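This report describes one protein structure for a reader who is new to such descriptions. Please look at the sequence and the model before reading on.

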Amino acid sequence: MYVLALDTATPALTVGIVDSGTGAVLARRDRVHSRGHAEVLVPFLLECLTEAGLQRSDLGAIIVGCGPGPFTGLRVGMATAAAFGDALGIEVQGVCSLDAIAAADRAAAGAGDTRDVVVITDARRKEVYWARYAGGARTAGPGVIKPAELDTDGARTVEGSPTPSSLVAVGKHLLGTTPAPLVPLYLRRPDAVETAARV
């Protein structure tokens, strides 16, 4: 099955098409920029389809990172995934973006690496999103905290962003099941405040 994988939870927008049977990435686009995901996400998606030699109708599922991440960034990716899934009549599965980063790190380090890992991403406001993993399984988090208050307790710290293959690796067991509602992991209230709340 050809799976569209995308994530906009971190400053690095990631889009790719993965063959879920082999794990092969047929096309991929990345852009490291904290803002502007909305302008490039759909063009990147269409470029990936062209590069892979596929039509939209060839896609069998979509896997999207649900954060944690900034309000606007998450909305862009999740709304795009939901819209494409609805238009194509295919399933859209949401996964924790930190889980996908941990999966990418584990794949790079090798399955024999059993050290605990703490994955962090920029949460702005001088904070980080975090989750802790042992043997590839999440044992704590996700949460948001000031870096000085994060106790890594000897674990290796990993920063980064998901890859198309790690998003599919984390969500592969969901494929073919009834998708749960897409729920963004904001972990805190949005920066924007309604006018009435300011007075």
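The text below goes from the overall fold to the cores, one helix, one loop residue and a cavity.

**Overall fold**

The model is predicted. The protein has 5 helices and 9 strands. Read from the N terminus, these elements follow the order β-β-β-α-β-α-β-α-β-β-β-β-α-α.

A compact globule of 199 residues would have a radius of gyration near 16 Å, and the protein, with 17 Å, agrees with this. Along the principal axes, the C-alpha atoms fill a box of roughly 55 × 45 × 30 Å. Of the 199 residues, 45% are buried. If one takes the contacts between residues at least 6 apart in sequence, 65% of them join residues at least 24 apart.

**Nonpolar cores**

The largest nonpolar core contains 26 residues. Leu4, Leu6, Val15, Ile17, Ile62 and Val64 have the most contacts inside this core. The elements that each give two or more residues to the core are listed in the table.

| Element | Residues |
|---|---|
| strand E1 | 2-7 |
| strand E2 | 12-19 |
| helix H1 | 37-52 |
| strand E4 | 59-65 |
| helix H2 | 71-88 |

Which element gives the most to this core? The answer is H1, with 6 residues.

A second core, separate from this one, has 11 residues, including Ala5, Ile63, Leu167 and Val170. Leu6 shows what the surroundings of a core residue look like. Apart from neighbours within four places in sequence, Leu6 is in contact with Thr14, Val15, Ile62, Ile63, Val64, Gly65, Gly77, Ala81 and Leu167. Among these contacts, Val15, Ile62 and Val64 are also named for the largest core, while Ile63 and Leu167 belong to the second core.

**Helix H4**

Helix H4 spans residues 164-171, and 6 of its 8 residues are buried, so the helix is largely enclosed by the rest of the structure. The buried residues are Pro164, Ser166, Leu167, Val168, Val170 and Gly171. Two of these names, Leu167 and Val170, have already appeared in the second core. The elements that cover the buried residues of H4 include E1, E2, E3, E4, strand E5 (91-95) and H3.

**A loop residue, Gly23**

Gly23 is placed in the loop between E2 and strand E3 (25-32). Is Gly23 buried, exposed or partly exposed? Its relative accessibility is 37%, so Gly23 counts as partly exposed. When residues up to four places away in sequence are left out, Gly23 touches Val18 and Ser165. Gly23 and Thr139 are 116 residues apart along the chain, and their C-alpha atoms are separated by 26 Å.

**The cavity**

Rolling a probe the size of a water molecule over the atoms shows where empty space is left. How many cavities of 30 Å³ or more are there? The count is 1. The largest cavity holds about 100 Å³ of space. It is lined by 13 residues, and those closest to its centre are Asp105, Arg106, Arg115, Val117 and Gly136.

Helix H3 (97-109) and strand E7 (127-134) each supply at least two residues of this lining. H3 has the largest share, with 4 residues. Sorted by class, the lining of the largest cavity consists of 5 nonpolar, 3 polar and 5 charged residues. H3 thus appears twice in this report: the helix contributes to the cavity lining and is among the elements that cover the buried residues of H4.

Conventions. Residues are numbered from 1 along each chain as its sequence is written. This is a predicted model: local features need pLDDT of at least 70, side-chain atom pairs count only at pLDDT 80 or more; totals for chains, interfaces and linings use all residues. Side-chain values use heavy atoms; hydrogens and water are left out. On a 1 Å grid over the protein atoms alone, a cavity is a set of points where a 1.4 Å probe fits but cannot get out, and a pocket is an open set with protein on both sides within 12 Å along at least five of seven lines; lining residues have an atom within 4 Å of a point. Grid points are joined across faces, edges and corners, and a volume is the space filled by probe spheres set on the points. Ala, Val, Leu, Ile, Met, Phe, Trp, Tyr, Cys and Pro count as nonpolar, Asp, Glu, Lys and Arg as charged, and the others, Gly among them, as polar. A nonpolar core is a set of buried Ala, Val, Leu, Ile, Met, Phe, Trp, Tyr and Cys residues joined through side-chain atoms within 4.5 Å. Buried means under 20% relative accessible area, exposed over 50%, partly exposed in between (1.4 Å probe, protein chains only). Contact means heavy atoms within 4.5 Å. The radius of gyration is taken over C-alpha atoms; the globule rule is 2.2 Å times the number of residues to the power 0.38.
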